[in-house]
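Please look over the sequence and the predicted model below before reading on. The paragraphs that follow go from one small sheet to the parts of the chain around it, and then to other regions.

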Amino acid sequence: MELPNEQSSFKDHLRKLRPKNLKNLDKKNCLMALTIIVLIGCIVTILKVNEIKTRAFSIKFGDEILGTIRDKEEAQKLIDQIEKELASTYDVEIVLDKKLDFIDTHAKDEEIITETDLRKKIKSKLTFLVSGYVLQIDGKDIGAFKTKKEADELLYAVKSPYIEEINENSNIEEVTFVEDVKVVKKDIPLSNIKSIEEVKSVIATGTSEEKTHIVEEGESYWTIAAKNNMTVDELISANPGKDPEKIYLGDEISLIVPKPLITIATVEEVQYEQELAYETKIEQNTSMYKNEKKVKVKGVKGKSNILAKITKHNGVEVGRKIIKEEIISKPVDELIVKGTKKLPLTAATGAFIVPTRGSLSSRYGMRWGRMHKGIDLAARVGTPINAADGGTVTFAGYKGAFGYLVEINHGNGYVTRYGHCSKIYVKKGAKVYKGQKIAAIGNTGRSTGPHLHFEVIKNGVHQNPSKYVGK
Ligand SMILES: [Zn+2]
């Protein structure tokens, strides 16, 4: 057990040392130490006196402490001064949006905020409300103005296009807004104050957003619309007054389709002349053929003077009420006489049938350097030839290269000819009906085999018969 022995010997050593050291301090040294202690005490006291907090005020604005000041009045003066500055800068009445309070406190000098810092804080932290006029559409704030005059000016500017367009025959009786449009006096943040033009644009387009496209080389309304997920019609309405066919490199095209926030309803009293339509009456006549028609009395339109109230929304008519109608002249009914008599069989129907059986052996047109003025239909000699339509026989006999020929005048501008016949069954002057057998196929005249040479002549000019008979 060596440890306790060692400890006791160390304590003994200390006991021996202490009385020896104290004895070494003399009285002079003792006095000097005392003086130093007193001096230190004095300095500490002086310092403590300097630390004492004195009466001050914390500036409280809403929930926020802006700083501490000594003089309430100085702070109030500063705030009044800032208010005045803002009021004169923006030419508006300034209203503080939060309550200003001063809280009694004590503060050291270094805790007091400088005027420069306080001014900065007030300007950055405080939001000032100005007393302005807010335009509300259906309860929604659209824009705010400094004065009521500006709000009224804007509303007039919105209405005026629909008032000024009116001509001398119209009288605007009423101009109203379809929406609930109000101008309300309200305290609002200064930044909400807008210019008339800004609010006008919002009302016209329905948005304050601006989106444009600068025309690049080779672009058209169609490519721009496709690029921006719009239709061409939308692009046209987004750019009123611009010709979609005339856009040039660098042009600015708006991509905002306007959705006006205000609808102007106008009621105008309009006076105008109106035409009165006539009726058409038909009189039947037994001595006239069914296809005959005659105007007995020509119809004449009448005229009346109308006084009407027209309601328009943004210039587009939505309603019309006739208030007074004064007839200036009555319309005259038109009278048409129509035949009822059945047409004679020999009258032309206006449509041709194929005059004979047989195949098309030669077309209409140039052939061997000469004009072939009809079509050739080949069939055996003796095959019947029928009148293509009703009419009067104007030739029946032998005629040079045609050989035996029948010519029929249909009385409607058309003449048909049938050539190279072997037999003719009709005489000149005879009335024939459509489909009546008039001759037989032959090989007479300038002909190289039995066929019918068929011609159609309209008002003296040869036609292609194929167009009429489908051969
Ligand atoms: Zn021929």
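Strands E25 and E27 are joined by two bridges and run antiparallel, and within this pairing isoleucine 424 has alanine 439 of E27 as its bridge partner. The two strands belong to an open sheet of three, arranged in the order E21-E27-E25 with antiparallel pairing. The edges of this sheet are strand E21 (384-386) and strand E25 (423-424), each of which pairs on one side only.

Which residues have the most contacts inside the largest nonpolar core? They are Ile385, Val406, Tyr418, Cys421, Ile438 and Ala439, in a core that has 29 residues. Alanine 439, already met as the bridge partner of isoleucine 424, is thus one of the residues with the most contacts inside this core. Two or more residues of the core are supplied by each of strand E20 (375-378), strand E23 (404-409), strand E24 (414-421), strand E27 (437-440) and strand E28 (451-458). For a closer view, one can take isoleucine 438, which, leaving aside its neighbours within four places in sequence, is in contact with Ile385, Asn386, Ala387, Val406, Tyr418, Tyr425, Val426 and Val432. Another core lies apart from the largest one and has 12 residues, among them Phe145, Val199, Leu261 and Ile264.

Histidine 420 has its place in strand E24, and its phi is positive, at about 65°, although the residue is not a glycine. Is histidine 420 buried or exposed? Because 26 other C-beta atoms lie within 10 Å of its own, histidine 420 counts as buried, the threshold being 20 or more. Asparagine 229 also takes a positive phi, near 60°, and is likewise a residue other than glycine. Asparagine 229 lies in the loop between helix H7 (221-227) and helix H8 (232-238), and it is exposed because 8 other C-beta atoms are within 10 Å, where 12 or fewer is the limit for that class.

Threonine 346 sits in the loop between strand E16 (334-341) and strand E17 (359-362). Not counting residues up to four places away in sequence, threonine 346 touches Gly390, Gly391, Lys431, Val432 and Tyr433; one of these, Val432, is also in contact with isoleucine 438. The C-alpha atoms of threonine 346 and lysine 434 are separated by 6.7 Å, although the two residues are 88 residues apart along the chain. With 19 other C-beta atoms within 10 Å, threonine 346 is partly exposed.

Histidine 213, in strand E9 (residues 212-214), is partly exposed as well, with 17 other C-beta atoms within 10 Å. Its C-alpha atom and that of aspartate 251, 38 residues apart along the chain, are separated by 8.0 Å. The residues that histidine 213 touches, not counting those up to four places away in sequence, are Ile224, Asn228, Ile253 and Leu255.

Two further pairings share strand E11. Strand E7 (residues 170-177) pairs with strand E11 (residues 264-276) in the antiparallel sense over seven bridges, and threonine 176 stands opposite alanine 265 in E11. E11 is also joined to strand E14 (residues 302-313) by 12 bridges, again antiparallel, with glutamate 269 opposite lysine 309 in E14.

Helix H5 (residues 148-164) has 17 residues, which at 1.5 Å a residue should span 24 Å, and because its end C-alpha atoms are 23 Å apart, the two values agree. A kink of about 35° nevertheless lies at valine 158 in H5, shortly before proline 161. Valine 158 is also one of the buried residues of this helix, together with Glu150, Ala151, Leu154 and Leu155.

Strand E1 (residues 54-61) and strand E2 (residues 64-69) pair in the antiparallel sense over five bridges, and phenylalanine 57 stands opposite isoleucine 69 in E2. Their hairpin has two residues between the strands, and glycine 62 takes a positive phi there, near 65°.

For the chain as a whole, the secondary structure comes to nine helices and 29 strands. Buried residues make up 18% of its 471 residues. Of the contacts in the chain with a separation of 6 or more, 70% are between residues 24 or more positions apart.

How values were computed. Residues are numbered from 1 along each chain as its sequence is written. This is a predicted model: local features need pLDDT of at least 70, side-chain atom pairs count only at pLDDT 80 or more; totals for chains, interfaces and linings use all residues. A nonpolar core is a set of buried Ala, Val, Leu, Ile, Met, Phe, Trp, Tyr and Cys residues joined through C-beta atoms within 7 Å. Helices (H or I, at least four residues) and strands (E, at least two) are DSSP runs, numbered from the N terminus. Two residues are in contact if their C-beta atoms, placed from the backbone, lie within 7 Å. The expected span of a helix is 1.5 Å times one less than its number of residues. The bend at a residue is the angle between axes fitted to the seven residues ending there and the seven starting there. Two strands pair if DSSP finds at least two bridges between them.
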